[in-house]
Amino acid sequence: MRQRGKLHAVVWQAASLFVLAPALGTARAHPLQPTLLELHERGDGHVEVAWKRSLLRVPGVDVQPVLPPDCQSLAAPEDAVEADSVTTRWTMQCGSAGLVGQRLGFMSLDEAKIDGLVRVTLADGRVVRGVVRAAEPFFTVPERERPLDIVRGYVVIGIQHILGGLDHLLFVTGLLLLVGDTALLVKTITAFTAGHSVTLSLAVLGFVHIPQRPIEVLIALSVFVLAVELSREASGPATLMRRRPWGMALLFGLLHGLGFAGALAEVGLPQADIPLALFSFNLGIEIGQLVFVLALLALGALLRPVRLHLPRWAEWVPVYAMGSLAAFWCFERTAALLL
């Protein structure tokens with residue numbers, strides 16, 4: 001295996017632990033997606049409700065939305081089942097008071113090990129959003145959403161998405177293993193950040209329209225390609241990916257940005273504050289990515305004094321684990337795409 005340079009001892013042990021951990025458990029990039037509750041208020045007191053949740057869930061746990069007690073259902077709910085989720089729609093009568101000041105959220109988020117997203121379109125056209133989790137399972141519809149609320153909410157969503165996306169984190173881990181020089185690592189990570197920031201913005205603003213499922217397949221393929229490069233022996237000339245890793249990071253960053261855009265599309269953007277929300281979500285992505293990289297480097301530094309006498313083939317284990325997970329995701333997502 002090629003010499004990894006100055007970062008070898010610091011990164012390799014920490015990266016090995018991170019790559020091998022998911023291989024011993026569930027091999028899914030986003031195992032438990034958040035549940036989404038959308039309410040659209042009409043002027044006559046009617047409220048259209050859509051509740052979307054993933055078909056993948058913790059067995060025996062029944063997450064249920066919490067709605068205003070004064071709202072009454074007008075018709076039986078109707079389910080629409082997709083490949084990996086189900087959306088239930090119905091109409092409620094909430095009277096003249098409307099949804100402002102009402103408490104919304106979900107029960108059993110802690111047992112389900114997921115978060116919830118609440119999106120409310122009020123009768124005057126304003127859109128308010130909230131992120132609820134086990135510690136704070138309810139969200140009160142405010143009179144008017146403040147800029148600070150938008151920043152805080154979308155930064156949290158961005159951090160949660162990057163830290164919950166094993167495919168994205170594996171790619172970043174591969175970049176750390178590929179680059180053996182600190183200055184080049186900074187350049188490579190910066191290129192990856194620039195790439196996904198560009199396509200995230202273009203997709204969210206409507207300049208680029210690409211279906212999400214093919215993008216998820218290509219993201220998994222990018223992780224696999226990186227694993228293949230890491231598995232190459234030292235003999236032979238250095239490949240272009242080794243000589244200019246920042247170029248590869250920029251190219252694949254464009255791809256990952258489209259994946260981030262798909263996650264943001266699930267949440268939606270406030271029409272009056274699209275630039276602020278987009279910036280905040282991207283900021284959350286960068287914060288989560290930076291925290292992850294620093295955590296790997298810190299863990300590697302802590303493990304550096306540990307002297308483990310392992311056979312040479314042990315260095316191949318994390319790379320092949322990474323490639324195997326990526327190949328699994330490629331097959332899994334391609335099957336979902338074809339079905």
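In what follows, a residue is called buried when its relative accessible area is under 20%, exposed when it is over 50%, and partly exposed in between. By that criterion, 47% of the 339 residues in this chain are buried. The model under discussion is a predicted one, and I shall treat every value accordingly.

Let me begin with the chain as a whole. Its secondary structure consists of 10 helices and 10 strands. Among the contacts with a separation of 6 or more, 77% are made by residues 24 or more positions apart.

I turn to the strands. As a reminder, the strands of a sheet pair through backbone hydrogen bonds, in either a parallel or an antiparallel sense. There is an open sheet of 3 strands, in the order β3-β7-β10, and its pairing is antiparallel. Which strands stand at its edges? They are β3, residues 64–66, and β10, residues 138–140; each has a single partner strand, so one side of each lacks a neighbour in the sheet. On average, and with direction ignored, neighbouring strands here are turned by 15° against each other.

Within that sheet, strand β7 covers residues 103–107 and is joined to β10 by 3 bridges, the two running antiparallel. One bridge pairs Gly-105 with Phe-138 of β10.

Following β7 there is a residue that deserves a remark. Ser-108 is placed in the loop between β7 and α2, the latter spanning 109–112. Its phi is near 70°, a positive value in a residue other than glycine. For context, most residues other than glycine have a negative phi. Ser-108 has a relative accessible area of 27% and is therefore partly exposed.

The next element is a hairpin. Strands β5 and β6 form it, with 3 residues between them. β5, residues 78–81, pairs with β6 in the antiparallel sense over 4 bridges, and Asp-79 has Thr-88 as its bridge partner in β6.

Also in β6, which runs from 85 to 93, is Thr-91. Is Thr-91 buried or exposed? Its relative accessible area is 19%; the limit for buried is under 20%, so Thr-91 counts as buried. The side chain of Thr-91 makes a polar contact of 2.9 Å with the side chain of Glu-48. Beyond its neighbours within four places in sequence, Thr-91 is in contact with two runs of residues: His-46, Val-47 and Glu-48, and then Gln-72, Ser-73, Leu-74 and Ala-75.

I now move to the helices. Two packed helices are described by the angle between their axes and the distance between those axes. Helix α4, residues 166–178, and helix α8, residues 245–267, pack at about 175°, with axes 12 Å apart. Angles over 145 degrees count as roughly antiparallel, and α4 is therefore roughly antiparallel to α8. From α4, the residues at the contact are Asp-167, His-168, Phe-171, Leu-175 and Leu-178; from α8, they are Pro-245, Met-248, Ala-249, Phe-252, His-256 and Phe-260. By class, this contact holds 8 nonpolar, 2 polar and 1 charged residues.

Pro-245 is worth following further. This residue of α8 has a relative accessible area of 1% and is buried. Leaving aside neighbours within four places in sequence, Pro-245 is in contact with Leu-178, Val-179, Leu-184, Thr-188 and Leu-240. Of these, Leu-184 is 61 residues from Pro-245 in sequence, and their C-alpha atoms are 8.2 Å apart.

Finally, helix α5, residues 182–204, offers two residues for consideration. Ala-194 belongs to this helix and, at 37% relative accessibility, counts as partly exposed. Ala-194 is 59 residues from Gly-253 in sequence, while the C-alpha to C-alpha distance is 7.3 Å.

The second residue, His-196, also lies in α5, and its relative accessibility of 0% makes it buried. What joins the side chains of His-196 and Glu-286? A polar contact of 3.4 Å does so. With residues up to four places away in sequence not counted, His-196 touches Gly-253, Leu-254, His-256, Gly-257 and Phe-260, as well as Asn-282, Ile-285, Glu-286 and Gln-289. Two of these residues, His-256 and Phe-260, are also among those that α8 presents to α4.

To close, I would recall two points about this predicted model: α4 and α8 are roughly antiparallel, and the side chain of the buried His-196 has a polar contact with that of Glu-286.

Technical notes. Residues are numbered from 1 along each chain as its sequence is written. This is a predicted model: local features need pLDDT of at least 70, side-chain atom pairs count only at pLDDT 80 or more; totals for chains, interfaces and linings use all residues. Side-chain values use heavy atoms; hydrogens and water are left out. Two strands pair if DSSP finds at least two bridges between them. Axes are lines fitted to C-alpha atoms, for helices over the stretch in contact, and angles run from 0 to 180 degrees between N-to-C directions. Angles under 35 degrees count as roughly parallel, over 145 as roughly antiparallel, 65 to 115 as roughly perpendicular and the rest as oblique. Contact means heavy atoms within 4.5 Å. Ala, Val, Leu, Ile, Met, Phe, Trp, Tyr, Cys and Pro count as nonpolar, Asp, Glu, Lys and Arg as charged, and the others, Gly among them, as polar. Buried means under 20% relative accessible area, exposed over 50%, partly exposed in between (1.4 Å probe, protein chains only). A polar contact is a pair of N or O atoms within 3.5 Å; within protein, one must be able to donate a hydrogen and the other to accept it, and residues adjacent in sequence count only if both atoms are side-chain atoms.
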